[in-house]
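Colleague: Could you take me through one part of this protein closely, starting from a sheet and its strand order? I'd like to follow the strands first and then see what packs around them.

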Amino acid sequence: MGIENAHKLIVNCLPLNESERQAFAKAARDVPQKFVGDESRRGDMVWSASVPEELRAEATAVIGNFPAGDAGQYKRLEWLQTFSAGMDAYVRPGVLPHGVMITNATGAYGRSVAEHMFAMMWAVMKNFGRYGFNQREHRWQDEGSALSPEGGIALVIGTGDIGSHFGRLAQSVGMHTFGVRRHPEVRAEGIEKMYGFERLDALLPLADVVVMAVPRSPQTHHLLDAARLGKLKSTAVVINAGRGDAIDADALAVALREGRIHGAGLDVTEPEPLPAEHPLWGEPRCLITPHVAGGNHLEETSEQIIRIALHNVSRYAKQQELLNLVSR
């Protein structure tokens, strides 16, 4: 962190109350800080970050997801703390200079996203999507066998904060939980058995529910493609709330249309928003929500985002290593 504290400026876009602002001011020590967030927007699903133009060229740190297209205006930026766990827009080549530190809110969204995926799993297992289609058509029709999670296997691909939370929920209803991650020697709460990605093809035929919670990377692009969807049971359920491109949406549409899997729940798609003409919109076996699983609906989520940022402001002022630092 090359700029001396007296010449730093933190622009804080969090929707803070007065006591929280005081806590951030104390944590910043002798580093100047401008609060530009609006407390009245605390309950918004997604927090916006509006940095006044006159502050952009002076800011050495910003707390908030300013538009990536404005990045060139932040000439002195050393550190960006996002409200989100995802930061794909900022790590793309050419958006921010290589020396800019990016930290995210990983750890804030586990409960919210996992509960959303868990609800989707139940809804798909019980055919609620198909009954929803029938209700709109005023059609009284039995949609056949439903599924139960008890005794089944949840294959959790990506066992960080979200995957671990989902694992605990799945265990609470009698499921066995297998996890897949890059470093299988690292255990995760809620996951009974852990495997590396090289075991994925062997694990897919065993899964009753496949839960996707992986970050975007070249290795996870279309991780679940037509060939791997073909390895699943006809009663399998696929849930994705990580990154949309982890699943080949066209291949998923075919698998659902042909009845080769029981159903799917998607909070993320490729692309976003999903084009109106895409066949998944009309697929009664597919439940779609518009990337809202991690919205700040839970006060716990909001508090965690603020807590992570507060810790990092203190560390920034002390010129210590930041939490949740993203490798670029």
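Modeller: Happy to. Please keep in mind that this is a predicted model. Let's start with the open sheet of seven strands, whose order is 8-7-6-9-10-11-12 and whose pairing is parallel. At its edges sit strand 8 (193-195) and strand 12, each of which pairs on one side only. Going across this sheet, neighbouring strands are turned by 15° against each other on average, direction ignored.

For a closer look at one pairing, go to strand 10 (residues 237-240), which runs parallel to strand 11 and is joined to strand 11 by four bridges. If you want a residue to click on, try Val 238: its bridge partner in strand 11 is Ala 264. Helix 6 (residues 161-172) packs on this sheet, where it touches strand 6, strand 7 (176-180) and strand 9 (209-212). The direction of helix 6 makes about 175° with that of strand 6.

Now follow the chain out of strand 11. The loop between strand 11 (263-266) and strand 12 (286-288) holds Pro 271, and Pro 273 lies in that loop too. Both deserve a look at the backbone. The peptide bond from Glu 270 to Pro 271 is cis, with omega near -5°. Another cis peptide bond joins Glu 272 and Pro 273, with omega about -5°.

On the way into strand 6 there is another backbone detail. His 138 is found in the loop between helix 5 (128-136) and strand 6 (153-157). Although His 138 is not a glycine, its phi is positive, at about 55°. The side of the story you can see on the surface view is that His 138 is exposed, with a relative accessible area of 74%.

The model also has an open sheet of five strands, in the order 2-1-3-4-5 and with parallel pairing. Here the edge strands, each pairing on one side only, are strand 2 (33-35) and strand 5 (101-103). The twist from one strand to the next averages 10°. Inside this sheet, strand 3 (residues 61-63) and strand 4 (residues 79-81) run parallel and are joined by three bridges. One residue pair to find there is Ala 61 with its bridge partner in strand 4, Trp 79.

Two helices belong in this picture. Helix 1 (residues 18-28) packs on the five-stranded sheet, touching strand 1 (10-12), strand 2 and strand 3, and its direction makes about 165° with that of strand 2. Helix 10 (residues 299-317) lies across strand 1, strand 3, strand 4 and strand 5, running at about 165° to strand 4.

These two helices also meet each other. Their axes, those of helix 1 and helix 10, come within 7 Å and cross at roughly 25°. Angles under 35 degrees count as roughly parallel, so helix 1 and helix 10 are roughly parallel to each other. From helix 1, Glu 20, Ala 23, Phe 24, Ala 27 and Ala 28 take part, meeting Ile 306, Ala 309, Leu 310, Val 313, Ser 314 and Ala 317 of helix 10. The residues of this contact divide into nine nonpolar, one polar and one charged.

Finally, step just past that contact. Gln 319 is in the segment after helix 10, and its phi is positive, about 55°, although Gln 319 is not a glycine. Gln 319 is partly exposed, with a relative accessible area of 45%.

Notes. Residues are numbered from 1 along each chain as its sequence is written. This is a predicted model: local features need pLDDT of at least 70, side-chain atom pairs count only at pLDDT 80 or more; totals for chains, interfaces and linings use all residues. Side-chain values use heavy atoms; hydrogens and water are left out. Two strands pair if DSSP finds at least two bridges between them. Axes are lines fitted to C-alpha atoms, for helices over the stretch in contact, and angles run from 0 to 180 degrees between N-to-C directions. Contact means heavy atoms within 4.5 Å. Buried means under 20% relative accessible area, exposed over 50%, partly exposed in between (1.4 Å probe, protein chains only). Angles under 35 degrees count as roughly parallel, over 145 as roughly antiparallel, 65 to 115 as roughly perpendicular and the rest as oblique. Ala, Val, Leu, Ile, Met, Phe, Trp, Tyr, Cys and Pro count as nonpolar, Asp, Glu, Lys and Arg as charged, and the others, Gly among them, as polar.
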